Amino acid sequence: MRSLRCDVAVIGSGPGGLAAAIAAKEHGAECVYIIERAEELGGILQQCIHNGFGLEVLGADLTGPAYAQHFINRSYDIGVEPLLDTMVLDVTPQKRIYATSSQNGIVEIEAEAIVLGMGCRERTRGALAVPGTRPAGVYTAGTAQRLVNIEGYMPGRRFVILGSGDIGMIMARRLTFEGATVERVLEIMPYLSGLRRNYVQCLQDFGIPLQLSHTVCEIKGDRRVEAVVSTAVDDQWQPIPGSEQLIPCDTLLLSVGLIPENELSRQAGVEIDPVTGGPVVDQGMGTSLPGFFAAGNVVHVYDLVDWVTTAGEIAGHSAAEYALGRAKPVTHRLRTVAGDNVRYAVPQWLDPEALSLGTQRLQLRVSHPMEHKVRVVIEADGEPIWHRTEGYVRPGEMVTAKLPPNLYDRLRAAQVLRVSVREPQ
Ligand SMILES: Cc1cc2nc3c(=O)[nH]c(=O)nc-3n(C[C@H](O)[C@H](O)[C@H](O)COP(=O)(O)OP(=O)(O)OC[C@H]3O[C@@H](n4cnc5c(N)ncnc54)[C@H](O)[C@@H]3O)c2cc1C
């Protein structure tokens with residue numbers, strides 16, 4: 001067995017992991033490994049060949065691979081050491097990582113600090129209850145994205161997409177470019193689950209119909225999908241009898257959500273938030289386990305890759321401070337909790353001392369859309385301390401609240417920060 005030691009080990013080389021590894025180096029960590037099971041760095045971005053990446057952090061409109069390459073180049077320039085084709089199998093609370101690679105066999109890595117950056121995976125049909133036979137021709141949208149953009153293979157010619165997640169909408173446009181027909185996108189909720197920007201640019205601009213409050217109630221076909229049956233649903237998601245429609249197609253794509261990839265985090269004993277599916281983190285992306293940090297979609301599913309990069313930088317900085325013994329002991333932390341119409345807020349823990357160093361960001365997702373002016377309100381132990389007006393809020397679009405340093409005095413003795421989205425007063 002090969003044994004290695006390092007200051008910071010980053011698991012996963014998507015935009016979150018890359019940003020963390022670069023930041024760890026920039027903040028003084030001498031030996032930083034980035035461990036990636038694939039044969040190249042970059043994570044999911046390598047299959048996202050559409051543009052729209054980098055507007056926030058690079059001020060440029062790049063494709064996924066170009067955005068990833070920018071950070072891959074920086075990681076090489078700064079001396080991050082990649083361990084490619086290396087799959088992490090286990091992580092212990094003592095910060096020992098066990099991985100396997102075809103070149104080195106089993107590798108043990110002893111790290112002073114670990115950044116978890118394993119990304120997320122797609123919900124599959126197994127996680128849904130779609131009745132019918134199990135013919136070929138049912139894919140997740142991300143698998144179809146890989147087949148078309150990387151393998152150069154068209155999974156079908158006539159598609160129905162279940163779920164209005166971003167990857168499904170992006171694939172509706174991509175498949176249309178490739179000459180396929182996308183019959184329609186069915187969404188069980190009465191509202192869009194992805195970004196409105198993607199609805200306009202990927203469905204509306206190409207005349208692809210979106211049916212809200214609709215789902216697939218049956219898949220027809222023996223060896224290959226031949227049709228699906230759609231149905232309207234009521235507000236309890238129950239099929240409305242008589243609304244069924246047969247839609248001939250040869251492929252059904254599922255775009256029904258992403259799940260943070262946290263088997264390793266659980267094995268290590270990191271506390272997981274049941275709502276986000278990711279580790280409970282503080283403002284420095286530190287988890288419940290000392291020396292463990294988390295970066296990117298492993299924490300919660302972000303809507304913009306740029307935010308993944310920003311959060312990765314914070315995690316990498318914190319990991320370097322910890323590894324070099326410079327992390328300040330935390331004496332007091334506030335718990336952030338979800339109030340009216342908020343599904344979750346991240347970070348779940350906030351050290352008020354951090355405000356003395358600069359603005360602190362809270363990111364939240366709402367439970368249901370409000371298509372008119374709303375107030376995002378933050379209360380500390382029941383007292384309003386911050387608010388902002390938004391034109392609308394939607395579950396598919398994250399809301400960011402920036403807490404200014406001058407709130408320090410109001411927060412240093414508080415216990416609970418409640419975040420709510422309400423009707424304007
Ligand atoms: C299938 C799919 C398609 C997507 N398509 C889009 C899109 O078109 N546009 C968009 O904006 N967003 C897309 N996303 C969202 C995307 O995940 C994020 O935008 C972004 O890539 C998240 O960055 P990350 O660093 O958190 O994770 P990722 O980019 O997912 O990177 C995580 C990395 O960790 C590695 N890894 C995981 N487990 C291990 C292990 N045990 N050992 C070693 N390495 C490991 C993975 O191989 C991967 O390279 C997609 C997500 C998925 C799952």
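The legends below describe close-up views of a predicted model, first around its ligand and then at its cysteines.

**View 1. Residues that come nearest to the ligand.** Of the 33 residues around the ligand, those that come nearest are Gly16, Glu36, His50, Gln145 and Asn297. Two of these approach an oxygen atom of the ligand through the backbone: an N or O atom of the Gly16 backbone lies 2.9 Å from such an oxygen, and a backbone N or O atom of Asn297 lies 2.8 Å from a ligand oxygen. In His50, by contrast, it is an N or O atom of the side chain that is 3.4 Å from an oxygen atom of the ligand. The ligand taken alone exposes 970 Å², of which the protein buries 92%.

**View 2. Make-up of the shell around the ligand.** Two or more residues of the shell are given by each of helix H1 (15-26), strand S4 (86-91), strand S7 (120-122), helix H3 (141-151), helix H4 (166-177) and helix H7 (305-323). Both domain 1 (2-121 + 259-327) and domain 2 (124-256) supply at least three residues to this shell, whose residues divide into 15 nonpolar, 15 polar and 3 charged.

**View 3. Cysteines without a disulfide.** A search of the whole structure finds 0 disulfides. The closest cysteine sulfur to that of Cys6 belongs to Cys31, and because the two are 5.1 Å apart, they are too far from each other for a bond; Cys6 is also buried, with a relative accessible area of 7%. For Cys120 the closest cysteine sulfur is in Cys48, at 10 Å, which is likewise too far for a bond, given that a disulfide requires the sulfur atoms to lie within 2.5 Å.

Technical notes
Residues are numbered from 1 along each chain as its sequence is written. This is a predicted model: local features need pLDDT of at least 70, side-chain atom pairs count only at pLDDT 80 or more; totals for chains, interfaces and linings use all residues. Side-chain values use heavy atoms; hydrogens and water are left out. A residue is near a molecule or strand if one of its heavy atoms lies within 4 Å of it. A polar contact is a pair of N or O atoms within 3.5 Å; within protein, one must be able to donate a hydrogen and the other to accept it, and residues adjacent in sequence count only if both atoms are side-chain atoms. Accessible areas come from the Shrake-Rupley method with a 1.4 Å probe; for residues, only the protein chains shown count as cover. Helices (H or I, at least four residues) and strands (E, at least two) are DSSP runs, numbered from the N terminus. Ala, Val, Leu, Ile, Met, Phe, Trp, Tyr, Cys and Pro count as nonpolar, Asp, Glu, Lys and Arg as charged, and the others, Gly among them, as polar. Domain bounds come from an automatic or database domain assignment. Buried means under 20% relative accessible area, exposed over 50%, partly exposed in between (1.4 Å probe, protein chains only).
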